[in-house]
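Work through the exercises below with the sequence and the coordinates open. Each task is followed by a solution in steps.

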Amino acid sequence: MNYALTMIICSIVFAECTAPHMMDKKYDSYKECLIGGYEESIKKIEEIELVNKHLINVKFNCKPITRA
């Protein structure tokens, strides 16, 4: 089964989150998706300049890809 990684970026200061963003890469297992989620979260935190000012955090979820 393959898994899709969905990420959401939130600001605690503004009490707002972005809409969920599905990443392009698909993962072969839930564990690989979780590892990818943590790695992508680190990349996003490093890219965002106002992490400390806006208290940014990144949430992610791994969902199975179902085929119809």
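**Exercise 1: a residue in strand E4**

At 7% relative accessibility, Cys62 counts as buried. The model is a predicted one.

Task: locate Cys62 among the strands, list what Cys62 touches beyond four places in sequence, and give the C-alpha distance to Asn52.

Solution.
1. Cys62 belongs to strand E4, which covers residues 56–64.
2. Leaving out residues up to four places away in sequence, Cys62 touches Tyr3, Ala4, Leu5, Tyr30, Cys33 and Leu34.
3. Ten residues separate Cys62 from Asn52 in sequence, and their C-alpha atoms are 27 Å apart.

**Exercise 2: a residue in strand E1**

Task: decide whether Thr6 is buried or exposed, and find its contacts beyond four places in sequence.

Solution.
1. Thr6 sits in strand E1.
2. Its relative accessible area is 14%. The limit for buried is under 20%, so Thr6 is buried.
3. With residues up to four places away left out, the contacts of Thr6 are Pro20, His21, Met22, Lys59, Phe60 and Asn61.

**Exercise 3: salt bridges**

Task: state how many salt bridges there are, and describe the pairs Glu40 with Lys43 and Lys44 with Glu47.

Solution.
1. Side chains of opposite charge can pair when their charged atoms come close. The cut-off here is a nitrogen-to-oxygen distance within 4 Å.
2. By that rule there are two salt bridges.
3. Glu40 and Lys43 are joined by a salt bridge at 3.4 Å, N to O. Both residues are in helix H1 (residues 30–47), three residues apart, about one turn of the helix.
4. Glu40 is buried at 18% relative accessible area, whereas Lys43 is partly exposed at 43%.
5. Lys44 and Glu47 form a salt bridge in which the closest N and O atoms are 3.8 Å apart. These two residues are about one helical turn apart, because they are three residues apart in helix H1.
6. Lys44 is partly exposed, with a relative accessible area of 25%, and Glu47 is exposed at 54%.

**Exercise 4: a nonpolar patch**

Task: name the residues of the nonpolar surface patch and its accessible area, then place Val13 and classify its exposure.

Solution.
1. The patch consists of Ile12, Val13, Phe14 and Leu55, which together have about 380 Å² of accessible area.
2. Val13 lies in the loop between strand E1 (3–11) and strand E2 (16–17).
3. The relative accessibility of Val13 is 46%, so Val13 counts as partly exposed.

Methods
Residues numbered from 1 in each chain as written. Predicted model: local features only at pLDDT ≥ 70, side-chain atom pairs only at ≥ 80, totals over all residues. Heavy atoms only, no water. Patch = residues over 30% accessible without salt bridge, like charges linked within 9 Å, V, L, I, M, F, W, Y side chains within 5 Å. Areas by Shrake-Rupley, 256 points an atom, 1.4 Å probe, with all protein chains shown as cover. Salt bridge = Lys/Arg side-chain N within 4 Å of Asp/Glu carboxyl O. Helix = DSSP H or I, 4+ residues; strand = E, 2+ residues; numbered from the N terminus. Buried < 20%, exposed > 50% of the residue type's maximum accessible area, 1.4 Å probe, protein only. Contact = heavy atoms within 4.5 Å.
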